[in-house]
Amino acid sequence: MMTVADIVKALNLKVFSGAGGLDREVSGGYVSDLLSDVMGKADAGQVWITLQTHKNVMAIASLKDLAAVILVSGYKPAENTAEQSEEENIPILGTDKSAFEVTGELYTLIK
Amino acid sequence: MEHHEFNIEGGDFTRAGYASSQVKKMLKQMGVDVAIIKRTVVAAYEAEVNVVAHAYSGAMYVDINREEVKIELRDQGPGIEDIEQAMQEGYSTASSAVREMGFGAGMGLSNMKKNADELHIESELGKGTRVVIRMQLNATTGD
């Protein structure tokens with residue numbers, strides 16, 4: 001199975017925080033900016049692709065045991081978001097690409 | 001039977017999810033089945049966020065033993081005018097600021113209903129809301 005580190009390398013992603021969790025295994029992905037949608041539909045081990053940058057992103061990533069978060073379109077995590085990512089060892093990654101582009105690349109990589 | 005209480009501050013989104021994460025830890029320690037933990041976490045989180053997003057203040061009261069967890073949320077807040085309407089997916093009274101954060105999609109209560117073994121909601125306009133979530137646990141350890 002692929003790890004978060006494999007995805008970072010293959011998709012040339014930035015690692016903003018939570019590098020301690022780069023060895024997490026990735027089971028799939030989920031794309032949404034609606035938090036209740038992610039809460040209800042995402043599953044453990046998935047990578048969450050979003051433009052939301054506030055701390056609640058990490059609350060959900062942690063509660064759902066997600067593998068990592070990818071922020072799209074050049075968004076950066078808020079300071080307290082990055083802090084919680086460090087504490088939880090759930091990486092926050094970044095790309096300048098749009099959600100559409102990075103999702104397509106990730107899907108091709110792990111399908 | 002263990003009892004735990006967590007205060008929830010209305011409007012303080014930086015702490016939203018804390019009480020639910022404590023519940024998740026307890027269930028994991030008790031060796032509760034992963035699928036049951038997942039459902040409990042979804043229901044508890046949505047209920048917790050509702051207090052943060054809509055109420056002035058509130059608390060989560062957790063009563064837990066190896067058979068069952070009861071998660072009760074009581075808040076002081078505006079209350080829910082029409083619970084049946086609020087249960088409909090897509091219906092929300094959240095502010096635009098809250099929606100911009102990705103909350104308030106009108107999926108919270110239906111997430112709670114889908115995931116809770118039992119869900120009870122009662123509300124008084126201008127006073128507040130009481131939500132009770134019950135989950136059967138069948139835990140392997142704990143008391």
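1. Let's start with two neighbouring strands in chain B of this predicted model. Strands β3(B) and β5(B) run antiparallel and are joined by 9 bridges. One pair to look for is B:Arg74, whose bridge partner in β5(B) is B:Arg130. It helps to remember that strands of a sheet pair through backbone hydrogen bonds, either parallel or antiparallel.

2. Now follow β5(B) to another partner, β4(B). These strands are also antiparallel, with 7 bridges between them. Here B:Glu122 has B:Arg130 as its bridge partner in β5(B), and B:Arg130 is also the bridge partner of B:Arg74. The strands β4(B) and β5(B) form a hairpin with 3 residues between them, and in this hairpin B:Gly126 takes a positive phi near 80 degrees.

3. Step back and you can place these strands in an open sheet of 5 strands, ordered β1-β2-β3-β5-β4 in chain B, with antiparallel pairing. Which strands stand at the edges? They are β1 (2–9) and β4 (118–124) of chain B; each has a single partner strand, so one side of each is left without a neighbour in the sheet. On average, neighbouring strands of this chain B sheet are turned by 10 degrees against each other, direction ignored. At the β1 edge, β1(B) pairs with β2(B), residues 57–64, in the antiparallel sense over 8 bridges. Try finding B:Glu5 there: it stands opposite B:Tyr61 in β2(B).

4. Next, look at the helix that crosses this sheet. Helix α2(B) lies across β1, β2, β3 (68–76) and β5 (128–136) of chain B, and runs at about 175 degrees to β5(B). The helix has 21 residues and reaches 30 Å from its first C-alpha to its last, close to the 30 Å expected at 1.5 Å a residue. Is α2(B) mostly covered or mostly open? It is mostly covered, with 16 of its 21 residues buried.

5. Chain A has a sheet of its own, and it makes a good comparison exercise. Its 5 strands form an open sheet in the order β1-β5-β4-β3-β2, and the pairing is mixed. The edge strands are β1 (14–17) and β2 (28–31) of chain A, each with a single partner, so one side of each has no neighbour in the sheet. The twist in this chain A sheet averages 30 degrees from one strand to the next. Strands β2(A) and β3(A), residues 46–50, pair in the parallel sense over 4 bridges, and A:Gly29 stands opposite A:Val47 in β3(A). Helix α5(A), residues 99–110, packs on the sheet and touches β2, β3 and β4 (68–71) of chain A; its direction makes about 160 degrees with that of β2(A).

6. Keep A:Val47 in view, please. Leaving aside neighbours within four places in sequence, A:Val47 is in contact with residues including A:Ile7, A:Val26, A:Gly29 and A:Leu106. The largest nonpolar core has 65 residues, and those that touch the most other members are A:Val47, A:Ala68, A:Val69, A:Ile70 and B:Ile133. The largest share of this core, 11 residues, comes from α2(B).

7. Finally, see where the chains meet. The contact takes 18 residues from chain B and 15 residues from chain A. On the chain B side, the elements giving two or more residues are α1 (18–29), α2 (34–54) and α5 (108–115). Which of them gives the largest share? That is α2(B), with 4 residues. The residues on the chain B side divide into 9 nonpolar, 7 polar and 2 charged.

Technical notes:
Residues are numbered from 1 along each chain as its sequence is written. Chains are lettered from A and ligands numbered from 1 in the order in which they are written. This is a predicted model: local features need pLDDT of at least 70, side-chain atom pairs count only at pLDDT 80 or more; totals for chains, interfaces and linings use all residues. Two residues are in contact if their C-beta atoms, placed from the backbone, lie within 7 Å. Ala, Val, Leu, Ile, Met, Phe, Trp, Tyr, Cys and Pro count as nonpolar, Asp, Glu, Lys and Arg as charged, and the others, Gly among them, as polar. The expected span of a helix is 1.5 Å times one less than its number of residues. A residue is buried if 20 or more other C-beta atoms lie within 10 Å of its own, exposed if 12 or fewer, and partly exposed in between; C-beta atoms are placed from the backbone. Two strands pair if DSSP finds at least two bridges between them. Axes are lines fitted to C-alpha atoms, for helices over the stretch in contact, and angles run from 0 to 180 degrees between N-to-C directions. A nonpolar core is a set of buried Ala, Val, Leu, Ile, Met, Phe, Trp, Tyr and Cys residues joined through C-beta atoms within 7 Å.
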